Amino acid sequence: MSGSPMSEQGGRHGGDPWSGRLEDAALLEGRAGFTDDLRLAGEAAAVFVRSPHASARIRSIDASAALGAPGTLAVLTGDDMAAAGVGNVSQLR
């Protein structure tokens, strides 16, 4: 790790890499929250489903179950993304 702000001893200034982090105890003991715990009015979540088969050619997608699920706002496929000008989503990384 030569040249890194973290030294071989572990921390930014050597020693314990967690030293100086006052929030850790409260987070670990459940006395503080994480930003992922926040829920805002009107908030939506995204779910991405990928093929379980590597290099498979997807010929069609039946989105009816997803569209019928309570709270579903939209179901977007690769075709939808291409039509929106996003391009080949399998190459986005």
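Q: How many helices and how many strands are there in the protein?
A: In this predicted model, the elements read along the sequence follow the pattern α-α-α. No strand enters that pattern, and the count for the protein is 3 helices and 0 strands.

Q: In which helix is confidence lowest, and in which is it highest?
A: The protein as a whole averages a pLDDT of 78, and 73% of the residues score at least 70. Where pLDDT is low, the predicted coordinates should not be read in detail. Among the helices, the lowest mean, 81, belongs to helix 1 (residues 24-28), while the highest, 94, belongs to helix 2.

Q: What share of the residues of the protein counts as buried?
A: The protein exposes about 8600 Å², and carbon and sulfur atoms supply 55% of that area. A residue is buried when its relative accessible area is under 20%. Of the 93 residues, the share that counts as buried is 8%.

Q: How many salt bridges does the count come to?
A: Side chains of opposite charge can pair when their charged atoms come close. One such pair is arginine 31 with glutamate 29, and another is glutamate 43 with arginine 39. The count comes to 2 salt bridges.

Q: Are arginine 31 and glutamate 29 buried or exposed?
A: The side chains of these residues, arginine 31 and glutamate 29, form a salt bridge with an N to O distance of 2.7 Å. Both arginine 31 and glutamate 29 are exposed.

Q: Why does glutamate 43 count as partly exposed?
A: Glutamate 43 joins arginine 39 in a salt bridge, at 3.9 Å from N to O. Arginine 39 counts as exposed because its relative accessibility is 60%, and exposed requires over 50%. Partly exposed covers the range between under 20% and over 50%. Glutamate 43 therefore counts as partly exposed, at a relative accessibility of 42%.

Q: Where does serine 55 lie?
A: Serine 55 has a positive phi of about 60°, although it is not a glycine. With a relative accessibility of 81%, serine 55 counts as exposed. Its place is in the loop between helix 1 and helix 2.

Q: What distance separates the C-alpha atoms of serine 64 and valine 75?
A: Serine 64 belongs to helix 2, which covers residues 64-68. Serine 64 is partly exposed, because its relative accessible area is 47%. Along the chain, serine 64 and valine 75 are 11 residues apart, and their C-alpha atoms are separated by 9.2 Å.

Conventions. Residues numbered from 1 in each chain as written. Predicted model: local features only at pLDDT ≥ 70, side-chain atom pairs only at ≥ 80, totals over all residues. Heavy atoms only, no water. Salt bridge = Lys/Arg side-chain N within 4 Å of Asp/Glu carboxyl O. Buried < 20%, exposed > 50% of the residue type's maximum accessible area, 1.4 Å probe, protein only. Helix = DSSP H or I, 4+ residues; strand = E, 2+ residues; numbered from the N terminus. Areas by Shrake-Rupley, 256 points an atom, 1.4 Å probe, with all protein chains shown as cover. pLDDT = per-residue confidence, 0-100.
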